[in-house]
Each structure stands twice: as structure tokens, then as C-alpha cells.
Amino acid sequence: MTAALQGCALQGSLWDVGEEAGLRDLGRSVRRTVLSRGAWLDLRPGWATGSDALFARLTDVVPWHGERRQMYDRVVDVPRLLSFYGEGDPLPDPLLVQARDDLSRHYAAELGEPFVTAGLCLYRDGRDSVAWHGDTIGRSRTEDTMVAILSLGSPRALLLRPRGGGPTLRHQLGHGDLVVMGGSCQRTWEHAIPKTARPVGPRISVQFRTRGVR
């Protein structure tokens with residue numbers, strides 16, 4: 001196990017026991033929720049089989065690093081570890097290549113272009129988080145797009161809310177679950193992974209995006 005996760009234990013999923021790493025068919029198994037303002041959310045629980053083995057491989061082979069960012073009048077540590085694979089970069093595991101390609105095929109008619117980048121985040125425990133935001137760096141500031149997230153490891157809460165206020169939606173994601181945010185979601189809604197005081201194990205999120213979107 002990588003030094004980044006020393007002292008952090010992953011509680012395996014009973015559904016993963018004895019399963020080989022792979023991807024289930026998307027087909028009609030994806031559940032879509034139509035949100036407001038032209039946004040929508042797709043969920044496919046347990047898309048990746050044997051996902052705990054994939055989690056373990058990624059913790060070891062991905063070059064995780066920390067970042068520091070300006071926050072108001074001071075520079076602070078980003079509360080998670082990161083790694084980014086740009087267009088043309090070899091992905092760290094063949095299953096991520098398959099995931100990117102399967103998603104590109106499944107959403108081809110709606111998206112009109114392939115997923116080409118993969119951003120990875122490692123949440124080491126409940127103290128790691130990401131604040132409310134939309135992925136609006138690049139074309140997604142003005143155009144509809146999709147961000148597909150494969151969640152590995154211990155489940156964490158993904159929260160979504162309309163920009164400007166409104167009811168908050170909550171989904172527990174982990175152990176191979178897939179969520180896809182589409183339409184105007186990045187512009188008109190926000191999402192977050194909040195901190196939690198509950199004891200939770202580590203989680204990796206793999207975010208597949210199109211060209212020119214971060």
C-alpha cells in the first residue's frame with residue numbers, strides 16, 4: 001500500500017468478494033434523474049466489479065501529489081491528493097481505458113465527442129473533502145457537457161444543489177459506483193464531497209471529461 005494511505009484501512013465490499021475486476025454493461029441499467037435548468041444525473045451502482053482490487057492497484061501506481069491553493073488571504077493545502085491524465089497520456093490501469101471507451105460509446109449520441117482526460121482524487125479519510133463547485137474551467141462555463149465519475153473504495157456522500165440555493169440531493173458513492181452529471185449541470189448546479197466526523201476508509205474518484213473541460 002502506498003505511503004499516502006498508511007494508517008488508512010479500506011473496508012472491502014461484500015459484493016466484490018470473489019469477483020474479477022471488470023465493467024458491467026451500461027445499456028439500460030443507468031438510472032437518470034432529470035434536474036432543473038436543463039441538468040440531469042445518471043447513476044449506475046456497482047458498475048465496476050472487483051473494484052476494491054482496482055482501488056488497491058491505483059493507490060500503488062498513480063503518482064499522487066498534494067497541492068496548495070490560494071484561499072482568500074492565505075495559501076492552504078488542498079484536502080485530498082490528486083493526479084491528472086491529459087489527452088493522450090497513458091492511463092494507469094487498463095480498466096480505466098475500458099471505462100473511458102465504454103462511456104464514450106454509451107453517451108456518443110448525446111455527447112457528440114469522446115471522453116479524453118481522467119482526473120483522479122484520493123480521499124484518505126473523512127477529513128479530506130471538496131467544497132461546493134462546478135467544473136467550469138474551459139468550455140463547460142458556457143456549454144453543456146458531461147463529467148463521468150467512477151467511485152472506488154469506501155463510500156462517501158456526493159451532495160448536489162442548484163446554484164443560488166435549493167434542496168440538496170445526497171448520494172452515497174463507492175465500491176465501483178458510476179455517476180454522470182450532464183446537460184447544464186456544471187453551470188447550473190454545484191456538487192461537493194463534505195468532510196465527515198464518522199470513521200470512513202479511503203476513496204478514489206476517477207473523473208472522465210471531454211476536451212477543454214476541467
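In which loop is His175 found? In this predicted model, His175 belongs to the loop between β12 (169-173) and β13 (177-183). The residue has a positive phi of about 50°, although it is not a glycine. Most residues other than glycine have a negative phi. With a relative accessibility of 16%, His175 counts as buried, because the limit for a buried residue is under 20%.

Strand β13, which follows this loop, is part of an open sheet of seven strands. The order of the strands is β2-β3-β13-β10-β15-β8-β7, and their pairing is antiparallel. Strands of a sheet pair through backbone hydrogen bonds, either parallel or antiparallel. The edges of the sheet are occupied by β2 and β7 (81-85). Each of these two strands has a single partner strand, so one side of each is left without a neighbour in the sheet. From one strand to the next, the twist averages 15°.

Two of the pairings can be described by their bridges. Strand β8 (residues 117-123) runs antiparallel to β15, and seven bridges join the two. Within this pairing, Tyr123 has Arg203 of β15 as its bridge partner. Strand β2 (residues 31-34) is likewise antiparallel to β3, to which four bridges join it. Here the bridge partner of Arg32 is Asp42 in β3.

Helices also pack on the sheet. Helix α1 (residues 51-61) touches β8, β10 (147-153) and β15, and its direction makes about 95° with that of β10. Helix α2 lies across β10, β13 and β15 and runs at about 45° to β15.

The hairpin of β2 and β3 has four residues between the strands. Arg37 is placed in the loop between these strands and takes a positive phi of about 60° although it is not a glycine. At 48% relative accessibility, Arg37 counts as partly exposed, whereas His175 is buried.

The structure holds one aromatic pair. The rings of Trp40 and Tyr107 have centres 6.2 Å apart and planes at 20°, so the pair is stacked; the criterion for stacking is an angle under 30 degrees. Trp40 lies in strand β3 (residues 39-44), while Tyr107 is in the loop between α2 (94-106) and α3 (108-111), so the pair ties together parts that are 67 residues apart in sequence. Both Trp40 and Tyr107 are buried.

Trp40 also takes part in an arrangement with a charged side chain. The charged end of Arg32 sits over the ring of Trp40, at 3.6 Å from its centre. Arg32 is thus placed over the ring of Trp40 and is the bridge partner of Asp42 in β3. A further arginine, Arg161, lies over the face of Trp132, with a distance of 3.9 Å from the ring centre.

Gly201 is located in the loop between β14 (189-193) and β15 (203-209). Its relative accessible area is 10%, and Gly201 is therefore buried. Between Gly201 and Arg156 the separation is 45 residues in sequence, and their C-alpha atoms are 9.1 Å apart in space.

Methods
Residues numbered from 1 in each chain as written. Predicted model: local features only at pLDDT ≥ 70, side-chain atom pairs only at ≥ 80, totals over all residues. Heavy atoms only, no water. Buried < 20%, exposed > 50% of the residue type's maximum accessible area, 1.4 Å probe, protein only. Phe/Tyr/Trp six-rings, centres within 6.5 Å; stacked < 30°, edge-to-face > 60°. Lys NZ or Arg CZ within 6 Å of the ring centre and 35° of its normal. Pairing = 2+ DSSP bridges. Axes fitted to C-alpha atoms, helices over the stretch in contact; angles between N-to-C directions. Contact = heavy atoms within 4.5 Å.
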